[in-house]
Amino acid sequence: DQPVEAIKRLLPEMEKMSPLSDVWAIAAMAAFGLGLEKEADQWAKQALTRRSWTSVHRQYRLSSTLCRRSLLAGRPLAGSGPYGALSRLLLGQTFETLPEIPEVVVREVAGVLKKTHPDLLEKLKQAARKANWAQVYRVL
């Protein structure tokens, strides 16, 4: 509970310095890292509704983090980063060129989906095979 209170105390000061999405994205990503799902979701929503970013990389990181959470929960969300790309594959979206996905990411996704959503893992395998995405398929 202390980390939540610490972040909550910092938010007003951060907001004064920059009333932009970035502040909320930083707080949300910190909360995600601490396993504070409820707060992370609230703060991510604040970041996304403000739509006033000063740093593109923070927007990318938050999008990538949200894609990871959604995919591991069995709800693929196309977007940024390797998890967003795997979600795009699951959702039947195409790629001009197949992005490089770190093997550790593919292994994490496969391990979680095997336990929680085996049907989705099978769908991911089939989609990777169909897309001729050997880098992903061979790990699955």
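**A tour of an all-helical model**

Buried residues make up 40% of the 140 residues in the protein, and everything described on this tour is read from a predicted model. With the whole chain in view, colour by secondary structure: there are eight helices and zero strands, which along the sequence gives the pattern α-α-α-α-α-α-α-α. The C-alpha trace spans about 50 × 30 × 20 Å along its principal axes. If contacts between residues at least 6 apart in sequence are considered, 47% of them join residues at least 24 apart.

**First stop: Phe95 and Trp133**

Select Phe95 and Trp133 and show their side chains, since a search of the whole structure finds one aromatic pair. The ring centres of Phe95 and Trp133 are 5.3 Å apart and the ring planes meet at 65 degrees, so this pair is edge-to-face, the cut-off for that class being over 60 degrees. Extend the view to the flanking helices: Phe95 sits in the loop between helix H5 (81-90) and helix H6 (103-116), while Trp133 sits in the loop between helix H7 (118-130) and helix H8 (134-137), and the pair therefore ties together parts that are 38 residues apart in sequence. Both Phe95 and Trp133 are buried. Now add Arg88 to the selection, which lies over the face of Phe95 at 4.2 Å from the ring centre.

**Second stop: the largest pocket**

Keep Phe95 selected, because Phe95 is also one of the residues lining the largest pocket, whose volume is about 170 Å³. To display the lining, select Leu89, Leu90, Gly92, Gln93, Thr94, Phe95, Leu98, Lys123, Ala127, Lys130 and Ala131. Which helices each supply at least two residues of this lining? They are H5 and H7, and the largest share, three residues, comes from H7. Colouring the lining by class shows six nonpolar, three polar and two charged residues.

**Third stop: Tyr137**

Move on to Tyr137, which is placed in helix H8. Is Tyr137 buried, partly exposed or exposed? Its relative accessibility is 32%, so Tyr137 counts as partly exposed, that class lying between the 20% and 50% cut-offs. Show the surroundings of Tyr137 and, leaving aside residues up to four places away in sequence, the residues it touches are Lys125, Ala128 and Arg129. To finish, draw a distance from the C-alpha atom of Tyr137 to that of Glu39: these two residues are 98 residues apart along the chain, and their C-alpha atoms are separated by 35 Å.

Note on methods: Residues numbered from 1 in each chain as written. Predicted model: local features only at pLDDT ≥ 70, side-chain atom pairs only at ≥ 80, totals over all residues. Heavy atoms only, no water. Phe/Tyr/Trp six-rings, centres within 6.5 Å; stacked < 30°, edge-to-face > 60°. Helix = DSSP H or I, 4+ residues; strand = E, 2+ residues; numbered from the N terminus. Buried < 20%, exposed > 50% of the residue type's maximum accessible area, 1.4 Å probe, protein only. Lys NZ or Arg CZ within 6 Å of the ring centre and 35° of its normal. Contact = heavy atoms within 4.5 Å. 1 Å grid on protein atoms, 1.4 Å probe; cavity = no way out; pocket = protein on both sides within 12 Å on 5 of 7 lines; lining within 4 Å. Points joined across faces, edges and corners; volume = space filled by probe spheres on them. Nonpolar A, V, L, I, M, F, W, Y, C, P; charged D, E, K, R; others polar.
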